[in-house]
Amino acid sequence: MLAQEMTSEVVASTGWFLEHAWLIPVIPAIAFVLIIFFGKKMPMKGSELGVLSMLSSLVFSGGAAWQWIQRVNSVVDGAHEAVVEGAYHAAPYVQPVIHEWTWWQSGGFHFGIGQHIDGLALTLLVVVAFISSLVQIYSLEYLRGDRRYTHFFAALTLFSAGMLCMVLAPNMVQLILGWEIMGLCSFMLIGHWWEEEANSRAALKAFFTVRVGDVGLLIGTAILFFSANNWTQKNLGVSGFNISGLSAWAMSGEASHSALTWGAVALFIACIGKSGQFPLHTWLPDAMAGPTPVSSLLHSSTMVVAGVFLVARLYPIFWEGMKIGDTNINFIVLIGGITIVIAALLAFVQHDIKKVLAYSTVSQLGYMMMGLGAGAWLPAVFHIFTHAFFKACLFLSAGSVSHSGSHHSFDMKKDMGGLAKKMPITATTWIISTLALAGVFPLAGFFSKDEIIDNVGYGGYNAFMIVGLTGAFLTAAYMTRATYLTFFGEARGAAAGIHHDVHDAHAVVDTHTSHDTHVAVDSHDAHADHGPHESPKLITVPLMILAALALTAGLFNATPFGESWERLKKYVEPGSEYVVVGAETASEDGAQAVTMSVASMSVSSEEKVTKEGCAVVAPEAGMACYFPTVSHAPFKWSKAALSLIIVALGLVSSWMFCVQYYTRRNRRLVGLTERNKALRGGYTFLWNKYYLDELYEKVIVHSIAHPIAKAVYWVNQNILDSIVNGAGKVSRRVAGWVYRNIDQRVVDGAVNGSGAAARGTGGALRPVQSGKVNQYGALLFSAAAIGALILVIINT
Amino acid sequence: MLTTQFLLLGAVLFCIGVYGVLARKNAVMVLMSIELILNSVNINLLAFSVRHGSVDGNTFALYVIAIAAAEVGVGLAMVLLIYRNRRTIALDDLSEMKG
Amino acid sequence: MIATDLLVAQNVGFGIISLLMIIGAVRVVTVNNVVHAALWLVIVLSGAAAQYLLLSAEFVAITQVLVYVGAVMVLFLFGTMLTRARIGAESDLNNKNWILGIPVAILTLGVMAYVIVDGFGSERLIENPGDTQPIPIQVISDDIFGPYLLPFWALSFVLLVAVIGAIVLARKD
């Protein structure tokens with residue numbers, strides 16, 4: 001089928017920034033150390049170090065991106081000259097700039113650290129450095145006077161270092177390193193105001209929920225390493241941790257399919273945890289307990305896209321492992337689709353403005369996952385790019401509202417309303433970002449989201465295209481509701497200048513703590529008397545920058561305007577071309593140029609002309625593929641019009657409803673959920689977040705822990721008693737157990753409500769934790785012996 | 001010299017150590033039993049080192065000895081601290097849990 | 001025939017030492033006097049050092065004597081003296097459900113013995129005792145400072161932490 005027609009030498013240009021991209025995470029890492037040790041003595045308490053390090057990372061990533069564009073240009077131009085007229089040519093594969101050094105070795109295993117720079121990595125690098133810089137500048141004002149100001153900036157800087165480290169990881173080990181640093185920083189920052197118990201509980205919940213997924217990351221890495229190591233060592237001379245090695249292995253057609261499938265499933269479980277996908281999304285809204293800049297940076301625009309990034313980074317593995325090329329429903333597209341709808345529905349019943357945004361984030365992440373699962377790689381990456389800008393802007397606007405408009409409250413129903421006149425800049429940026437999120441032409445969200453929906457349908461996943469359109473409608477509607485409640489209608493509570501210190505139980509945890517922290521600063525206490533006003537410049541300038549990008553970021557890959565506008569497609573999407581292995585990095589003149597062999601493929605049979613390249617036909621010996629051939633939906637205005645009409649419907653209908661419901665107090669609408677049984681049921685179901693938390697805490701933890709605990713307790717008591725005290729004590733113990741576990745818990749549970757769940761779990765597990773080391777040891781060793789016995793019996 | 005000789009000796013010492021860990025109340029005695037377990041592991045390591053003609057077993061036996069020394073040091077320091085606070089080193093009495 | 005004689009001698013040596021070690025180990029876990037238990041432990045540990053010599057691991061044997069018989073035992077005796085007023089016999093060294101340990105230990109032993117005999121049978125560890133040379137220390141050091149350098153670092157760190165931790169835990173204030 002394929003004949004290697006000609007091999008041409010194309011010199012890919014490179015540059016200082018590309019070769020030294022590893023400095024990008026190193027700078028904030030050093031800044032972190034400096035802030036920790038010297039921050040408190042600095043004039044601005046260490047914050048200047050954080051901001052400076054992020055700005056220099058931004059400069060470095062910008063320089064690297066510029067040089068990457070030149071590199072792609074040089075390769076593409078060279079490849080065009082090399083192409084034989086009329087022959088099919090896959091998009092040229094631009095060799096990423098990979099440097100790897102041995103980090104540590106043990107017993108023959110080498111673990112590398114270094115950089116893997118390509119379009120995807122650079123996109124994320126620029127976005128992360130940019131958003132981090134703006135958020136740090138914003139935090140200068142937002143957290144002024146906080147009692148742990150220095151530590152906040154230290155953690156924020158370390159977080160950025162971790163994310164940047166993960167993004168340019170050339171192997172799984174470094175990726176896991178960055179991934180875990182982010183998890184740790186997320187924990188520290190969510191629990192920044194840990195004095196409030198709810199905050200530290202939210203931090204723990206986020207940490208543990210993500211850990212559940214992280215187990216998948218370790219298992220998946222191990223599976224892939226042990227299956228791929230031989231192949232990659234033989235063919236590419238790299239270890240089975242190497243990301244490009246893994247990609248080539250997955251596309252080689254020699255990979256064991258079960259290893260690919262299980263590896264992909266395990267890795268995707270990690271992505272579910274990190275990116276807040278459907279069953280494990282519950283931590284993300286709780287994570288809003290952290291300060292608003294943290295929510296903006298970590299839990300909307302950068303950290304939570306780490307899971308999406310992982311799928312995009314190891315796309316060949318998911319492509320082959322999940323069979324994305326077929327149009328059957330796969331795991332990724334299913335989870336993504338479910339997430340879009342359920343999270344969007346949850347956003348309707350939230351009172352807390354940040355929680356609306358949190359569910360919106362979950363829903364948008366669902367779009368990205370669905371896109372990746374349906375083969376729409378580029379639109380998903382593009383959505384990461386645009387989403388970062390407008391979601392960061394939305395969160396920071398919400399922070400601005402609470403900072404200056406609603407006296408540190410986030411409750412839309414109690415403390416907001418009518419703020420558009422008082423805070424014109426914040427309102428404008430919020431509305432621009434809302435329209436961008438909803439996907440209104442020609443704002444950023446339109447181009448990326450519409451492209452996802454379009455490509456999902458084009459890839460053959462028609463059902464999920466409808467899911468995507470439904471999601472677009474819901475997004476427009478709930479964002480309109482949030483906008484109306486915050487900026488329009490009548491002013492309520494703090495927004496109207498009413499000063500109240502006692503908040504409801506459902507008011508956000510942020511309220512009290514930030515209240516405390518700001519009291520110390522006189523200049524800020526003053527505004528409580530003046531009512532809502534516009535925020536200072538340090539807050540509004542980042543908002544305006546982000547809003548400007550929310551307006552224009554879509555133009556980076558504006559499919560409707562023709563191919564010359566599709567810059568992301570040209571510079572970010574890896575080519576699906578066969579690459580001759582082993583010809584790379586023949587350096588000339590002090591390693592300034594990387595010579596690369598590009599093999600052009602010509603096709604002998606005519607019918608294959610439209611679809612040829614990686615993932616369609618396995619590469620020949622000595623060749624490797626690094627990226628599957630993905631199809632791109634041709635843009636049609638008719639399809640875009642359909643989604644625009646749906647978005648407009650969502651906006652208008654939601655606006656009408658809000659006016660009727662919140663301002664006019666329409667009798668037929670107000671109290672509908674109390675009157676109508678079906679609606680009330682739906683509302684309660686949503687208000688309780690589909691009872692997922694209850695499922696995790698009560699059903700799963702109890703059903704697993706409770707019987708085991710009971711059994712262990714039974715064994716303990718009976719053995720002890722039969723030896724020591726005889727049968728008489730048994731009945732007393734059982735009665736005592738009934739009293740402690742049933743009486744007490746039921747009574748307490750009724751009284752204490754939600755607190756009882758955690759306590760009940762502890763109570764159920766209590767008999768296991770008898771505190772007697774010998775009993776633990778006996779259980780441990782006998783379990784090990786019995787386990788070994790079972791293995792022996794099975795194997796004989 | 002059979003391989004099984006050494007491995008069985010290791011197994012016997014290991015099980016005696018396990019019994020000691022489970023049965024003893026005195027914390028110092030438990031630490032001693034742990035030493036028995038660690039030594040049985042070392043015998044196995046060295047036997048396999050000879051069997052495979054590799055020096056790795058020796059290396060790891062040395063590491064185990066070093067770890068054991070650290071463990072005894074910290075363990076006895078903890079025992080001292082517990083004794084100072086409670087006037088007892090019986091493990092049974094240390095439990096503060098109400099299981 | 002010299003080789004066979006040597007083999008017999010080695011086997012006899014192994015038997016005697018093993019018997020001593022097992023008796024010693026049983027006494028360690030049954031005797032009702034902490035100091036006696038520590039002295040029995042000395043016998044077990046010295047026996048282990050002798051076994052290492054049989055396995056031609058001289059350096060490990062020397063280290064065993066130095067570290068265990070020398071340092072660790074002194075630590076144990078110090079610990080015993082510092083924590084107990086009287087040195088004499090005590091009746092309640094075992095905890096209440098000590099009997100639980102017997103079935104667990106026997107079960108573990110049974111499983112392990114079965115696996116070992118089943119797996120290695122009558123395989124000879126050392127065919128010709130004359131051939132086995134003691135492993136030169138240089139080879140061991142090459143192994144430690146070559147492929148296993150990272151565990152060595154980790155270990156050094158653990159030792160440092162243990163020293164600091166022991167001081168912090170045990171000092172009076």
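**Helix packing within chain A and between chains B and C**

In this predicted model, helix α16 (residues 377-405) of chain A packs against helix α19 (residues 424-438) of chain A at an angle of about 145 degrees, and the two axes sit 9 Å apart. The crossing of α16(A) past α19(A) is left-handed. On the α16(A) side, the contact comes from A:F390, A:C393, A:L394, A:S397, A:S400 and A:V401. On the α19(A) side, A:T426, A:T429, A:W430, A:S433, A:T434, A:A436 and A:L437 take part. Sorted by class, that gives seven nonpolar residues, six polar ones and no charged ones.

Moving on to chains B and C, 74 residues of chain C touch 61 residues of chain B. On the chain C side, α1 (2-30), α2 (34-54), α3 (58-83), α4 (101-120), α5 and α6 (149-170) each chip in with at least two residues. The largest share, 13 residues, belongs to α3(C). Broken down by class, the side of chain C that touches chain B has 53 nonpolar, 16 polar and five charged residues.

One helix pair across these chains is α3 (residues 56-86) of chain B with α5 (residues 137-145) of chain C, packed at an angle of about 75 degrees with axes 9 Å apart. Angles from 65 to 115 degrees count as roughly perpendicular, so α3(B) is roughly perpendicular to α5(C). Here B:D56, B:N58 and B:T59 of α3(B) meet C:I140, C:D143 and C:I144 of α5(C). This contact of α3(B) with α5(C) splits into two nonpolar, two polar and two charged residues.

How values were computed
Residues are numbered from 1 along each chain as its sequence is written. Chains are lettered from A and ligands numbered from 1 in the order in which they are written. This is a predicted model: local features need pLDDT of at least 70, side-chain atom pairs count only at pLDDT 80 or more; totals for chains, interfaces and linings use all residues. Axes are lines fitted to C-alpha atoms, for helices over the stretch in contact, and angles run from 0 to 180 degrees between N-to-C directions. Helices (H or I, at least four residues) and strands (E, at least two) are DSSP runs, numbered from the N terminus. Angles under 35 degrees count as roughly parallel, over 145 as roughly antiparallel, 65 to 115 as roughly perpendicular and the rest as oblique. Two residues are in contact if their C-beta atoms, placed from the backbone, lie within 7 Å. Ala, Val, Leu, Ile, Met, Phe, Trp, Tyr, Cys and Pro count as nonpolar, Asp, Glu, Lys and Arg as charged, and the others, Gly among them, as polar. A crossing is left-handed if the near helix is turned anticlockwise from the far one by less than a right angle, and right-handed if clockwise.
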